[in-house]
Structures are given as structure tokens and as C-alpha cells.
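Me: I would like to go through this structure by question and answer. Please keep each reply short and finish on what was asked.

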Amino acid sequence: MSEIVKIPQNLNVNYLAQRIASNNGTSTAFKEVLNEKIDEIKFSKHSLMRMEMRNVKITQGEYQKLLEAVNKACEKGIKDSLIIMNNKAFVVNLKTKTVITTMDGEMLQNSVFTNIDGAVII
């Protein structure tokens, strides 16, 4: 999950998939894998360290909710968002869909969040 995949913005998925299909017949699989990578949330090394230190764990269901919150925030034009879910907070850079830092419920009280321009509470 911590792997960062950079995909050029001008990448024509259909053209690339067609070229690969003409070579080995795997266009559907390629498009599916590429779309999964595009819709994936990445976790920075810093956020992974914080999750470990603060004993923050997320389930697959919470991951899906986090992904939905990230997509909602992107639709609103937010660049850096605070996402609060189940006594957990995530600061996410939406351009790269990367979690920058993570906090648990105890740390949320009396906290000040900077460098964000929007918040999603789920």
C-alpha cells in the first residue's frame, strides 16, 4: 500500500491498452490494473510511521470509506484535506491521493490542523 505509482496525466489508457492487446491480448487486464492503481490511496512513509506509533489500524471497509471521502473532496476541488472517520484523522494530499499523516482519537482533542483547505467527516 505504501508504493507510489506515478501515472502521467496525458496517458491515453485506451490507446496504450490497444497497443498491448495487439501484442499479447491482455487489454482488459491491463485497463483493470491501471484503473485500480489510479483509484488507490497511497500512504507516505511518515503516515505509516505515525500509524505504527499511534497504533492506528484501518480495515478494508474503512479503507473504502477513506477512498470515497478522498474522491468527494477531489470533486469539490480541495487540494489538501482533513478526513475524520471513526476517531481517526487523516491529512491527505488529494492531487497525489497520498495520506500525509494520521492521528488517533486521543490526539484529535485540542488539535490544530494546518495546511488544509477542506475537511470531510464520515
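Me: How many bridges join strand E1 to E4?
Reply: In this predicted model, E1 covers residues 42-43 and runs parallel to E4. Within E4, Thr98 is the residue opposite Lys42, and Val99 is opposite Phe43. The number of bridges joining E1 to E4 is 2.

Me: Which residue in the hairpin of E3 and E4 takes a positive phi?
Reply: E3 (residues 88-93) pairs with E4 in the antiparallel sense, over 6 bridges. In that pairing Val92 stands opposite Val99. The hairpin has 4 residues between the strands. The positive phi, near 50°, belongs to Lys97.

Me: What is the order of the strands in the open sheet?
Reply: The sheet has 5 strands and its pairing is mixed. E1 and E5 (118-121) are the edge strands, each pairing on one side only. The order is E1-E4-E3-E2-E5.

Me: What angle does the direction of H4 make with that of E2?
Reply: H4 packs on the sheet and touches E1, E2, E3, E4 and E5. Another helix, H3, lies across E1 and E4 and runs at about 20° to E4. For H4 and E2 the angle is about 145°.

Me: Why is strand E4 described as largely enclosed by the rest of the structure?
Reply: E4 spans residues 98-104. A residue counts as buried under 20% relative accessible area. E4 is largely enclosed because the buried residues number 6 of the 7.

Me: Which element gives the most to the largest nonpolar core?
Reply: This core has 18 residues, and Ile41, Phe43, Leu66, Ile83, Val92 and Val99 touch the most other members. At least two residues each come from H4 (60-75), E2 (80-85) and E3. Apart from this core lies another, of 5 residues, including Leu82, Val91, Met103 and Leu108. The element that gives the most to the largest core, with 6 residues, is H4.

Me: Is Lys57 buried or exposed?
Reply: Lys57 lies in the loop between H3 (45-53) and H4. Exposed requires over 50% relative accessible area. Lys57 has 57%, so this residue is exposed.

Me: What is the separation of the C-alpha atoms of Lys57 and Lys88?
Reply: Leaving aside residues up to four places away in sequence, Lys57 touches Glu62 and Lys88. The side chains of Lys57 and Asn55 are joined by a polar contact of 2.9 Å. Lys57 and Lys88 are 31 residues apart along the chain, and their C-alpha atoms are separated by 9.2 Å.

Terms used
Residues numbered from 1 in each chain as written. Predicted model: local features only at pLDDT ≥ 70, side-chain atom pairs only at ≥ 80, totals over all residues. Heavy atoms only, no water. Buried < 20%, exposed > 50% of the residue type's maximum accessible area, 1.4 Å probe, protein only. Pairing = 2+ DSSP bridges. Core = buried A, V, L, I, M, F, W, Y, C linked by side-chain atoms within 4.5 Å. Contact = heavy atoms within 4.5 Å. Polar contact = N/O pair within 3.5 Å; in protein donor to acceptor, adjacent residues only side chain to side chain. Axes fitted to C-alpha atoms, helices over the stretch in contact; angles between N-to-C directions.
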